Amino acid sequence: MLCSIDLPDCVYSKEPIFISPISPTPNHTLYLSNLDDQMFLRFSIKYLYLFTKSINLEKLKYSLSRVLVDYYPLAGRLLKCPENNHKLQVDCNGKGAIFAEAFLDLSADELLVVSNKPDKSWRKLLYKDETQSFLDIPPLVVQVTNLRCGGMILCTAINHCICDGIGTAQFLHAWAHYTVDPTVSLSIKPFHSRHVLKPRDPTQITSIHPTFTKIPLDDPNPQFSLNLHQYLQSQPVTPASITFSQSQILHLKRQCSPSVKSTSFEVLASHTWRCWVKSLDLSSSVNVKLLFSVNIRKTVKPELPQGYYGNGFVLGCAEAPVKQVVNGNLQDTVKLVQHAKSELTNDTVKSIVDLLEDKTVKTDLSTSLVISQWSRLSLEEVNFGEGKPIQMGPLTSDIYCLFLPSLGEMDGIRVLVSVPENVVKKFEYYMKELWEVNDVNGDIIKGHLQYENQKMISA
């Protein structure tokens, strides 16, 4: 049994290849919206899927070439707009996606044991293109790693400037669909155009947007009174992974009721933010922020078309001094999150799109925890014909926090975030404190939660 999360090296039997669309695709440049090409999103979303049975590689390659006909921008390349050096677009040239094959001398069961806390060594499970520039990396990179005893790892890197979480899930389900049956067309066709989110002319910035800050593009060393984000990036960090069952989430909701009725995301995001801030021992006067992704596909008017796979989200922003977050109660923090969500109206979203026309405007990460919710995207339902994955999540853990589906736990949510090594135990203690204290009462609490479950399951 594997006792360490440091993985051995993959063995590559051949050089990676490019998979291009199987038939001709449109050759043009694709405009990216201001939500797409933010500096904050200039990276690839890296997914890891663990399957107990491997999928025929030739079948995967063929279905990938088939799905790239529909999602042809992912076979292109990013480039800077000639008229604006800070703006990106996609050259839809059909050059193709990178596809790498490898072998790892471990079994799926051995990997499952340690997969909740993927560290930096797991990066070797995805072929690294040695190009120097983010723009030179193909928008889609795939590595299939066969395992001992017949299992398989599928890792993908999908450029975030082209797809958001909903868009990547839509693409992966489409790829899986063609792997199972390449003769049946997709039920949801991808909608490519981003002009539905073009800024107004002239721009109309009608709201204050605490998610953002303004930094001169020419200043290589911008100064902040505190930049917690840079500090965390400079520290040795380790993954913290805490799974909340449905009953434990309901217990958190009970801390807020009856005065505040909350969703699972609102209460768990609030709890996670409080524990994160508390564990870092920040000065009580520092203003901290919680940034979280909010789907705006149905918020904007007119609504974004079905199949829109570009970035159709903005970041909600809850903010407060450390002393208020740490010393206040959970329901007060939930109210901050709910208020931040309520602020994101059609007018606010359009104002944000207009604001981002100014390329000196950046997402304010200086004292922020960023939470992205993957648990509601059906990523864990992707099935290439040999069964659903026994694990899915990010390739590696990061200082950005992810809410992940807990496979095998109905409506459970796994919270994954990397924190400095010297605070990880403290963070995990605070995250579990509420339910561990109450577990002293054992069956009384469990019975009460079963009763509350019936009353609050729809909350």
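## Close-ups of pockets, cavities and helix crossings

**View 1. Inside the second largest pocket.** A total of 21 residues line the second largest pocket, and the ones nearest its centre are Ile-166, Gln-170, Ile-188, Gln-306 and Gly-307. Keep in mind that this is a predicted model. The space in this second largest pocket comes to about 460 Å³. Which helix gives the largest share of the lining of the second largest pocket? That would be H3, with six residues. Sorted by class, the lining of the second largest pocket has 10 nonpolar residues, eight polar ones and three charged ones.

**View 2. Where helix H1 meets helix H3.** Here you can follow helix H1 (residues 57-70) as it crosses helix H3 (residues 165-180). Their axes come within 8 Å and cross at roughly 125 degrees. H1 and H3 are therefore oblique to each other. As for handedness, the crossing of H1 and H3 is right-handed. On the H1 side, look for Lys-59, Leu-60, Ser-63, Leu-64, Arg-66, Val-67, Leu-68 and Asp-70. They meet Phe-171, Ala-174, Trp-175, Tyr-178 and Thr-179 in H3. Split up by class, the residues of this contact of H1 with H3 are eight nonpolar, two polar and three charged.

**View 3. The largest cavity.** The count of cavities of 30 Å³ or more comes to three, and the largest cavity has a volume of about 70 Å³. Who lines the largest cavity? Along the chain, you will find Leu-35, Gln-38, Phe-40, Thr-211, Phe-212, Phe-313, Val-314, Leu-315, Ile-352 and Thr-363. Strand E12 (residues 313-321) gives the largest share of the lining of the largest cavity, three residues. How many charged residues are in the lining of the largest cavity? There are no charged residues in that lining, which has seven nonpolar and three polar ones.

**View 4. The second largest cavity.** The second largest cavity has a volume of about 50 Å³. Its lining is made up of Leu-48, Ser-115, Pro-118, Trp-122, Gln-391, Met-392, Gly-393, Pro-394, Arg-414 and Leu-416. Two elements give two or more residues to this lining of the second largest cavity: strand E15 (391-394) and strand E17 (413-420). E15 gives the most to the lining of the second largest cavity, with four residues. By class, the lining of the second largest cavity has six nonpolar residues, three polar residues and one charged residue.

**View 5. Helix H6 packing with helix H8.** Helix H6 (residues 264-279) packs with helix H8 (residues 330-342) at an angle of about 115 degrees, and their axes are 9 Å apart. The crossing of H6 and H8 is right-handed. From H6, the contact takes in Glu-266, Val-267, Ser-270, His-271, Trp-273 and Arg-274. Facing them in H8 are Leu-330, Thr-333, Val-334, Leu-336, Val-337, Gln-338 and Lys-341. In this contact of H6 with H8, six residues are nonpolar, four are polar and three are charged.

**View 6. Helix H6 again, now with helix H5.** The axes of helix H5 (residues 246-254) and H6 come within 9 Å and cross at roughly 80 degrees. H5 and H6 are therefore roughly perpendicular to each other. Ile-249, Leu-252 and Lys-253 in H5 meet Ser-264, Val-267, Leu-268 and His-271 in H6. The residues of this contact of H5 with H6 come out as four nonpolar, two polar and one charged. Val-267 and His-271 of H6 also turn up in the contact with H8.

How values were computed: Residues numbered from 1 in each chain as written. Predicted model: local features only at pLDDT ≥ 70, side-chain atom pairs only at ≥ 80, totals over all residues. Heavy atoms only, no water. Axes fitted to C-alpha atoms, helices over the stretch in contact; angles between N-to-C directions. Parallel < 35°, antiparallel > 145°, perpendicular 65-115°, else oblique. Left-handed = near helix turned anticlockwise from the far one by under 90°. Contact = heavy atoms within 4.5 Å. Nonpolar A, V, L, I, M, F, W, Y, C, P; charged D, E, K, R; others polar. 1 Å grid on protein atoms, 1.4 Å probe; cavity = no way out; pocket = protein on both sides within 12 Å on 5 of 7 lines; lining within 4 Å. Points joined across faces, edges and corners; volume = space filled by probe spheres on them.
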